[in-house]
Amino acid sequence: MAGYTFNWKGADFIKKAEAAVPVALAAGAEQLQRQMKSNLQTTGPSKPGQMPGRRTGDLYGSIGTMEVSKTLYRVGTPRLVGRWLDQGKFIKPKRGKYLAVPLNAKAERMYASLGVLGSGRASLRTKGKLKVIRSKSGALFLKEVTAKGKIVKNGAAFRLQTSTTILPRPWVKRSFYMAQHAIRDRMAKVFEKAMGVPATVTG
């Protein structure tokens, strides 16, 4: 082509883009992580259909990002309780007759410290002094007691059940839908900076 021209070097552009994509993906993953944590800020128990309530901070603290490849990031939690809360779960004991369902924050922290909510590998027998208590109605409870066998005020308390159902409290996909515009904008800015050219963001 004769005259005054501008040479667009495709190879240079592709090289910059390949370097910019992982950086932009990392920024997008971090934005989604922020949204997930923001959605778990409510203190106390939650109702089915709501975002999970934050009681022990165990799920909240476990949310992170992981680079799988240059074009793939995972955002979420390694703890199974995150999936159970999101999708719901019917649980029966793998061993024994009863499940110890936590009734207060101290009981939940006891579970969390053992990794039970995430893996089910540990036993409550290794933590604290607990005693089976039968109510007047016949319900069974596992309660924290002193060395003399007295129930500890505000101590850990569990209800013994043959099964339990966790109703869904969707939070994973909902977090993405809430954050998608912020993710797009942040990724575009990071990509623009890495490429050295303006990135067009359309609504």
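**Reading a predicted model: a dialogue**

Author: In this predicted model, the charged end of R54 sits over the ring of Y60, at 3.8 Å from the ring's centre.

Reader: Which other residue lies over the face of Y60?

Author: K37 does, at 4.9 Å from the ring centre.

Reader: How should a pair of aromatic rings be described, and how many such pairs are there here?

Author: The distance of the centres and the angle of the planes describe a pair of aromatic rings. In this structure the count comes to one aromatic pair.

Reader: What is the overall secondary structure of the protein?

Author: The protein has five helices and eight strands. Read from the N terminus, the elements follow the order α-α-β-β-α-β-β-α-β-β-β-β-α. Among contacts between residues at least 6 apart in sequence, 59% join residues at least 24 apart.

Reader: How is a helix to be read, and which residues of helix 3 are buried?

Author: An α-helix has 3.6 residues a turn, so residues three or four places apart point the same way. Helix 3 covers residues 80–87, and its buried residues are V81, G82, W84, L85 and D86. The cover over these buried residues includes helix 2 (58–62), strand 3 (89–91), strand 8 (164–166) and helix 5 (172–195). Just after helix 3, G88 takes a positive phi of about 90°.

Reader: Is L80, which is in helix 3, buried or partly exposed?

Author: L80 counts as partly exposed, because its relative accessibility is 36%, and buried means under 20%. L80 and L59 are 21 residues apart in sequence, while their C-alpha atoms are 9.5 Å apart in space.

Reader: Where is N39, and why does N39 count as buried?

Author: N39 is in the loop between helix 1 and helix 2. N39 counts as buried because its relative accessibility is 9%, under the cut-off of 20%. Leaving aside residues up to four places away in sequence, N39 touches M51, P52, S175 and M178.

Reader: Where is W8, and is W8 buried or exposed?

Author: W8 is found in the segment before helix 1 (10–38). W8 is exposed because its relative accessible area is 60%, and exposed means over 50%. Together with F6, F13 and I14, W8 forms a nonpolar patch on the surface, with about 520 Å² of accessible area in total.

Reader: What do burial and exposed area come to for the protein?

Author: Of the 203 residues, 31% count as buried. The protein exposes about 13700 Å², of which carbon and sulfur atoms supply 54%.

Terms used
Residues are numbered from 1 along each chain as its sequence is written. This is a predicted model: local features need pLDDT of at least 70, side-chain atom pairs count only at pLDDT 80 or more; totals for chains, interfaces and linings use all residues. Side-chain values use heavy atoms; hydrogens and water are left out. Buried means under 20% relative accessible area, exposed over 50%, partly exposed in between (1.4 Å probe, protein chains only). Helices (H or I, at least four residues) and strands (E, at least two) are DSSP runs, numbered from the N terminus. Contact means heavy atoms within 4.5 Å. Patches are made of residues with over 30% relative accessible area and no salt bridge: like charges are joined within 9 Å, nonpolar side chains (Val, Leu, Ile, Met, Phe, Trp, Tyr) within 5 Å. Accessible areas come from the Shrake-Rupley method with a 1.4 Å probe; for residues, only the protein chains shown count as cover. A salt bridge is a side-chain nitrogen of Lys or Arg within 4 Å of a carboxyl oxygen of Asp or Glu. Rings of Phe, Tyr and Trp (its six-membered ring) pair if their centres lie within 6.5 Å; planes under 30 degrees apart count as stacked, over 60 as edge-to-face and the rest as tilted. A charge sits over a ring if NZ of Lys or CZ of Arg is within 6 Å of the ring centre and within 35 degrees of the ring normal.
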